[in-house]
Each structure stands twice: as structure tokens, then as C-alpha cells.
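Visitor: Please take one part of this model and look at it closely, starting from its charged side chains and working outwards to whatever surrounds them. I would like the terms settled before the residues are discussed.

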Amino acid sequence: MRVALSRIRAGFMICSSLSFRVMDMPVRNTPFDQDELYNPRKAAQLIAYFALREGGRAIEVLKAVKLAYLADRESLRRWGTPILHEPRASLPLGPVNRTTLDYIDGKHVDPSGWNSTLLPREKKVIRLQPTFVAEDIDEFSDGEVDLLNDVWRKFGSYKSFPLAIWTHKASNVPEWKDPNGSSKPIELIDILRAVGFPNPDAAIERIEEQRVIERTFRNLECQG
């Protein structure tokens with residue numbers, strides 16, 4: 001699976017706004033704001049990686065969103081920065097990356113990124129596009145590929161619901177708080193504190209600096 005080489009900011013050059021919604025038991029009728037630096041191509045390849053590791057070309061949505069969250073969480077533990085720029089929330093079945101869930105639920109249209117990688121959701125399952133192969137995964141650095149491998153080794157054997165239950169335990173994911181049938185935001189700094197990253201406030205400052213740089217590159221690309 002070591003097929004991924006980093007493609008610098010490839011997924012960030014999206015100059016049009018996208019509309020979307022979130023749905024993860026329960027259904028929500030209003031969308032969350034999308035982070036302007038969210039990379040749908042990289043997010044889709046994250047789901048595709050886990051689908052391929054599942055042993056086929058599909059994965060249950062519940063398991064996929066838990067693995068995506070846990071991968072981001074591990075990235076924050078190791079490096080103080082997430083794999084994906086997006087809001088996160090406590091939902092009744094555990095923590096989720098909200099924008100990635102929006103894409104799974106079909107509220108975005110991104111033909112060159114998400115939709116070229118994954119087929120529309122089929123009830124509880126999401127599948128790879130027929131033409132997508134492992135060699136197409138090219139959005140991750142070598143370090144991120146190692147991280148994804150480690151996350152799969154730890155959690156890949158879990159079924160969807162037991163994995164969701166695992167994320168409910170305060171000893172495992174203390175930043176998840178019971179939303180009582182609704183949704184509660186999970187702040188990045190709360191995850192950093194939960195995973196024990198040194199000086200989480202400084203990590204947040206570095207992320208904001210990175211955002212300014214990436215936004216500048218994106219704007220230059222759009223103007224060009």
C-alpha cells in the first residue's frame with residue numbers, strides 16, 4: 001500500500017464554493033460551514049485507502065468515518081496538525097469529521113476530486129469508482145502512509161458498531177461528549193490536549209500560520 005507520494009496542495013486549488021449537508025444518525029437538515037482549505041480529493045483517498053484495506057472495494061460508512069477521525073487524531077498526536085482541515089463533532093454514534101461525512105452523504109459536487117474516487121453512498125456502504133486503483137492514491141506523504149497503516153493495524157479488525165462504541169469510552173476518546181441525540185462541536189485544541197500533544201496552544205498557532213500560507217497559494221492559483 002505504499003503507493004502514495006505527496007502532491008503539494010493539489011486538492012486545495014478549488015475556486016468555487018460547494019453546498020452540502022451532514023447526516024450521521026440523526027439526520028440534519030442544515031449544513032455545517034466547510035473549511036475553505038478542505039481537500040476533498042485527499043479525504044476521498046483516505047476513505048479509498050481504508051476500503052482497499054478492508055479487502056475489497058467498499059467499506060461501511062460508519063466504520064469509514066470513525067477511521068477517518070482516528071487517523072486525524074493520530075496525526076494530531078504525532079505532529080500537532082490534522083490530515084484534513086475540517087470541523088469535527090460529537091454525534092450520537094461517536095466523533096466524526098463533519099465535512100467528510102457531508103461528502104459521503106452527497107451534499108457536495110467535486111467531479112475532479114471526491115467523485116472521481118468514490119461512488120455515491122449506497123445506504124450503509126460507500127464504494128470505490130470502478131476505475132480507481134491503489135496506485136491512484138497520491139495525496140499522502142510517506143509519513144502519512146505509515147500513519148494510515150498503523151491506524152488500520154490497530155482498528156481495521158473492528159466491525160463498524162464495536163468501533164463506534166470504542167470511541168464512546170472516555171478512556172479512549174475523552175474529547176467525545178454525549179450530544180444527547182444532537183451534535184456538539186469538537187475543538188481542535190481539545191483533541192490536542194486529549195492526545196497529550198506538548199503545548200497545544202502553540203500547535204494551534206502553527207496550524208493557523210499554515211492556513212495563511214496555504215490560503216495564499218490557493219488564491220494565487222485561482223487568480224492565475
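Guide: A residue is called buried when its relative accessible area is under 20%, exposed when that area is over 50%, and partly exposed when it falls in between. With these limits in hand, D150 is partly exposed, because its relative accessible area is 29%, whereas R153, at 58% relative accessibility, passes the upper limit and counts as exposed. The model is a predicted one, and the part I have chosen is helix α5, residues 142-155, to which both D150 and R153 belong.

D150 and R153 form a salt bridge in which the closest N and O atoms are 2.2 Å apart. Their places in the helix suit such a pairing, since they are three residues apart in α5, which amounts to about one helical turn. The general reason is that an α-helix has 3.6 residues a turn, so residues three or four places apart point the same way. This pair does not stand by itself, for salt bridges with shared partners join D150 and R153 with E74, R77 and R78 in one network. In total, the structure holds 14 salt bridges.

Another pair in the network repeats the pattern in a second helix. R78 and E74 both lie in α2, residues 61-79, where they are four residues apart, again about one turn, and their side chains meet in a salt bridge with an N to O distance of 2.7 Å. The two partners fall into separate classes of accessibility: R78 is partly exposed because its relative accessibility is 27%, while E74 is buried because its relative accessible area is 17%, under the limit of 20%.

For contrast, consider a salt bridge placed elsewhere in the chain, that of R121 with D105, whose closest N and O atoms are 2.5 Å apart. This pair links distant parts of the chain, with R121 in the loop between α4 (114-117) and β4 (125-127) and D105 in the loop between α3 (98-104) and α4, 16 residues apart. R121 counts as partly exposed because its relative accessible area is 25%, and D105 counts as buried because its own value is 9%.

Returning to α5, its 14 residues should span 20 Å at 1.5 Å a residue, and the helix agrees with this, because its end C-alpha atoms are 20 Å apart. Its buried residues are E144, V145, L147, L148, N149, V151, W152 and F155, and what covers them includes α1 (40-53), α2 and α6 (160-168).

L148 leads from α5 into the interior. Together with F50 and W114, L148 touches the most other members of the largest nonpolar core, which has 53 residues. At least two residues of this core come from each of α1, α2, α3, α5, α6, α7 (188-195) and α8 (200-223). F50 shows how α5 is met from outside: leaving aside neighbours within four places in sequence, F50 is in contact with L148, V151 and W152, and likewise with I59, L67, A68 and A71.

Two of the helices that cover α5 deserve a closer view. In α2, 16 of the 19 residues are buried, so this helix is largely enclosed by the rest of the structure. From its first C-alpha to its last, α2 reaches 27 Å, close to the 27 Å expected at 1.5 Å a residue, and just after it G80 takes a positive phi of about 75°. The axes of α2 and α6 are 8 Å apart and the helices pack at an angle of about 40°, in a left-handed crossing. L62, K63, K66, L67 and L70 of α2 make this contact with S160, F161, L163, A164, W166 and T167 of α6.

Beyond α5, the loop that leads on to α6 contains S157, which counts as exposed because its relative accessibility is 66%. The C-alpha atom of S157 is separated by 8.7 Å from that of E54, although the two residues are 103 apart along the chain.

The whole chain gives the setting for these details. The chain has eight helices and five strands, and buried residues make up 52% of its 224 residues. Among contacts with a separation of 6 or more, 74% are between residues 24 or more positions apart.

Note on methods: Residues are numbered from 1 along each chain as its sequence is written. This is a predicted model: local features need pLDDT of at least 70, side-chain atom pairs count only at pLDDT 80 or more; totals for chains, interfaces and linings use all residues. Side-chain values use heavy atoms; hydrogens and water are left out. A salt bridge is a side-chain nitrogen of Lys or Arg within 4 Å of a carboxyl oxygen of Asp or Glu. Buried means under 20% relative accessible area, exposed over 50%, partly exposed in between (1.4 Å probe, protein chains only). The expected span of a helix is 1.5 Å times one less than its number of residues. Contact means heavy atoms within 4.5 Å. A nonpolar core is a set of buried Ala, Val, Leu, Ile, Met, Phe, Trp, Tyr and Cys residues joined through side-chain atoms within 4.5 Å. Axes are lines fitted to C-alpha atoms, for helices over the stretch in contact, and angles run from 0 to 180 degrees between N-to-C directions. A crossing is left-handed if the near helix is turned anticlockwise from the far one by less than a right angle, and right-handed if clockwise.
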